[in-house]
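Trainee: Could you take me closely through one part of this model, the metal site and the loop beside it in the sequence, and set it against the chain as a whole?

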Amino acid sequence: MNKRQIFDQVSDMEKQIGELYEQLGDLKGKLSDLLEENHRLSMENLHLRNRLDLTESEQDSLPEGTKLKEMPSEGYDNLARLYEEGFHICNLEFGSPRRNEDCMFCLDFLSKTK
Ligand SMILES: [Zn+2]
């Protein structure tokens, strides 16, 4: 192997390392996105589970349609907090993020439940 070949090989490696470094940065960004989404979904899951517990404990004794009005204050607080944290609590979009917008269905629901 002459000096020229060695030089070319080193240049080649340098280029590959540069590309790998770029890929690494790319993957790091995707990982960060995934972690963020994972956190969001975990929170959403938690909130939905709370909601499910609430519903199950009330379902048997209360007729359909009256559940929400007679929701215990703890349940109301949970939902109010959930809304404050940026999630829908209305029937239309329950559990999905509000994207910093007020939802009139959620607010209507909260005012009726209070
Ligand atoms: Zn809503």
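Mentor: What follows goes from the basis of the values to the chain, then to the metal site and the loop.

The model is predicted, so that local features need a pLDDT of at least 70 and side-chain atom pairs count only at pLDDT 80 or more, while totals for chains, interfaces and linings use all residues. Residues are numbered from 1 along each chain as its sequence is written, and side-chain values use heavy atoms, with hydrogens and water left out.

The protein chain has 3 helices and 0 strands, in the order α-α-α from the N terminus; helices (H or I, at least four residues) and strands (E, at least two) are DSSP runs, numbered from the N terminus. Of its 114 residues, 24% count as buried, where buried means under 20% relative accessible area, exposed over 50%, and partly exposed in between, with a 1.4 Å probe and protein chains only. The accessible surface of the chain comes to about 9200 Å², with 53% belonging to carbon and sulfur atoms, by the Shrake-Rupley method with a 1.4 Å probe, only the protein chains shown counting as cover for residues.

At the metal site, the zinc ion is coordinated by ND1 of His-88 and by the SG atoms of Cys-90, Cys-103 and Cys-106, at 2.1 to 2.3 Å; donors here are N, O and S atoms within 2.8 Å of the metal (3.2 Å for Na, K and Ca), and since water is not among the atoms, sites may look incomplete. The spacing of these donor residues in sequence is H-x1-C-x12-C-x2-C. The arrangement is tetrahedral because the 4 donor atoms subtend angles of 101 to 119° around the zinc ion, four donors counting as tetrahedral if all angles lie between 85 and 135 degrees. Among the donor residues, Cys-103 counts as buried because its relative accessibility is 8%, and Cys-106 counts as buried because its value is 0%.

The loop between α2 (73–84) and α3 (104–113) holds Arg-99, and Asn-100 also has its place between α2 and α3. Most residues other than glycine have a negative phi. Arg-99, however, has a positive phi near 55°, and phi of Asn-100 is likewise positive, near 65°. As for accessibility, Arg-99 is exposed because its relative accessible area is 67%, and Asn-100 counts as exposed because its relative accessibility is 82%.

Notes:
Tetrahedral: all angles 85-135°; square planar, octahedral: opposite > 155°, others 65-115°.
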